[in-house]
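Grab a pencil and work through these exercises with the model open beside you. Try each task before you read its solution.

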Amino acid sequence: MANRYCSLVLVNSTKKRFMSTSNLKTVITESKKEIPIVKGLPLVGTMFSILAAGGGRKLHEYIDKRHQKYGSVFREKLGSVDAIWISNPLDMKLLFAQEGKFPKHILPEAWLLYNDTYGQKRGLYFMNGKEWWKYRQIFNKVMLKDLNVNFIKSYKVVINDLLNEWELSNGQVIPNLIADLYKISISFMVAHLVGRVYDDCKNDLSNDINCLAQCIQKVFQCTVKFTVIPAKTSKLLKLNIWNDFVIAVDNSIESANNLVSKLMSLNGDGLLNSVLNVHDIPIDMIKRLMIDFIIAAGDTTAYSTQWSLYTLGLHKSIQNNLRHSLLKTDFLECDYLNNILKEVLRMYPLAPFITRIPPSDIYLTDHKIPANSLVIMSMFTSSRNGKYFNSPNEFIPDRWNRLKNNKYNGVNEPFATLPYGFGARSCIGQKMAHVQMCLTLSECIKRYNIHTMQPVEIALDLITVPDDQINIKIHKL
């Protein structure tokens, strides 16, 4: 009873805007149903079922079918991962409302094993508890505010350099699209760290940025291979996939460390300077934090931008409408551009699953989740659910237009899509990423016609990626 009372107080105090207090009391106190359990074998659970369904690259489709069969909440053990899966946005709200002061998520086993094996201390993404809270609070103040004009100017240097390179591919398919997007993602991050001096130092940093982009891409390519053979097993057996992974991570950390050391000597006016002026952060900690920011920016913004360009290349009329809108409106104030990006991130959520390990019992609408359970929110399922989005498998940016009652035109539950997560552990770089993607799309559309050569399907390689290479042909306007 005491635990139920504490949960009620926590929910009421942190997320009153989600539900009325009376509804929350009902959620906490009413009797709960048993969570459906998918039966599997003693040690491997239902691992053979997921392998038969296409393996880890098709996990989003596999879990979506499970939700269709078992409902919005079920429990299933996939190999060593025993999790409770939820897809109801109301349950997600309740989970976030009760996640506690220090939300805990899970990370790829290989990354944690590498850190433990080699005593590697990492940045914010790997932190938990009070240490995480301390540095998250510091970075909230500088990362979650609107960007000033100096950052935008440096960003424009980055994207103009790329688009000038693409002129060599005019009338052709861009030969190295995802590699180029990795490179500009890191360049954006570097520009954000140093501010106005970026234009003066970009040539000196070019080789470092290109090297790091390649290293980061290699880390993710190696990590994906552990979906077949677990990292611990690969390490124990001294398999090549573990050795390749170690080399890739070693190279990425060394490359990022060299880059950050150079950036710290530039005396810029960007994020790095702001952090250096926080006197209680040791220099070695600043380097750890900056290294992980740069590495994290590599794949996330790159693939979201690729999905955006891919989708615009499939929808000529939407592309033309966007181009027309940008002639009248600055990219930061263009509602149509924002709607397009929202719709891209709904249909192709970079994180198709969001994880939490709550420290205490969690009360959902119909179920109770025991403390310390692994809870996985199925964002792919919720964002493609016709109950929450009209014609969910169609790309309709206008669904995000606001009506007079302040609701959306074709969105019944906006919380069913969470491209940057939610709560205290939401993406720290979301403001920066949003501006970067909007600027990239804006400048690209104003300079080029984009044509996607053939459609692709979604696959999972830690994040949402295409199952085949995306080929985009550009024609200069």
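Let's start with a crossing: α16 passes α18 in a right-handed way. This is a predicted model, where local features need pLDDT of at least 70 and side-chain atom pairs count only at pLDDT 80 or more, while totals for chains, interfaces and linings use all residues. Residues are numbered from 1 along each chain as its sequence is written, and side-chain values use heavy atoms, with hydrogens and water left out.

**Exercise 1. Helix crossings**

Task: Work out how α16 and α18 are oriented to each other.

Solution:
- Step 1: find the helices, which are DSSP runs of H or I with at least four residues, numbered from the N terminus (strands are runs of E with at least two). Helix α16 covers residues 335-347.
- Step 2: look at the axes. Those of α16 and α18 come within 11 Å and cross at roughly 110°. Axes here are lines fitted to C-alpha atoms, for helices over the stretch in contact, with angles from 0 to 180 degrees between N-to-C directions.
- Step 3: name the angle. Under 35 degrees is roughly parallel, over 145 roughly antiparallel, 65 to 115 roughly perpendicular, and the rest oblique. So α16 is roughly perpendicular to α18.
- Step 4: recall the handedness. The crossing of α16 and α18 is right-handed; that word applies if the near helix is turned clockwise from the far one by less than a right angle, and left-handed if anticlockwise.

Task: Now do α9 with α14, then α8 with α10.

Solution:
- Step 1: the axes of helix α9 (residues 177-194) and α14 come within 8 Å, crossing at roughly 135°. The two are therefore oblique to each other, and their crossing is right-handed.
- Step 2: helix α8 (residues 149-166) packs against helix α10 (residues 198-224) at about 45°, with axes 10 Å apart. That makes α8 oblique to α10. The crossing of these two is right-handed.
- Step 3: zoom in on α14 (residues 283-314), where you'll find Gly-298. The C-alpha atom of Gly-298 is 5.4 Å from that of Ser-185, although the two are 113 residues apart along the chain.
- Step 4: check the cover around Gly-298. At 0% relative accessibility, Gly-298 counts as buried (buried is under 20% relative accessible area, exposed over 50%, partly exposed in between, with a 1.4 Å probe and protein chains only).

**Exercise 2. Salt bridges**

Task: Find out which parts of the chain the salt bridge between Glu-413 and Lys-93 ties together.

Solution:
- Step 1: get the idea. Side chains of opposite charge can pair when their charged atoms come close. The cut-off for a salt bridge is a side-chain nitrogen of Lys or Arg within 4 Å of a carboxyl oxygen of Asp or Glu.
- Step 2: check the distance. The closest N and O atoms of Glu-413 and Lys-93 are 3.4 Å apart.
- Step 3: place the partners. Glu-413 lies in the loop between α17 (379-383) and α18 (430-447) and Lys-93 in helix α5 (residues 89-97), so the pair ties together parts 320 residues apart in sequence.
- Step 4: both Glu-413 and Lys-93 are buried.

Task: How far apart along the chain are Lys-446 and Glu-443?

Solution:
- Step 1: their side chains meet in a salt bridge, 3.2 Å from N to O.
- Step 2: Lys-446 and Glu-443 are 3 residues apart in helix α18, which means about one helical turn separates them.
- Step 3: compare the cover. Lys-446 is partly exposed at 39%, whereas Glu-443 is buried at 16%.
- Step 4: step back to the full count, which is 19 salt bridges in the structure.

**Exercise 3. Positive phi**

Task: Say where Ser-391 sits and what its phi is.

Solution:
- Step 1: most residues other than glycine have a negative phi.
- Step 2: Ser-391 is not a glycine, yet has a positive phi of about 45°.
- Step 3: Ser-391 is found in the loop between α17 and α18. With 38% relative accessibility, Ser-391 counts as partly exposed.
- Step 4: try Leu-462, whose phi is also positive, near 70°. Leu-462 is placed in the loop between β8 (458-461) and β9 (463-466), and is partly exposed at 39%.
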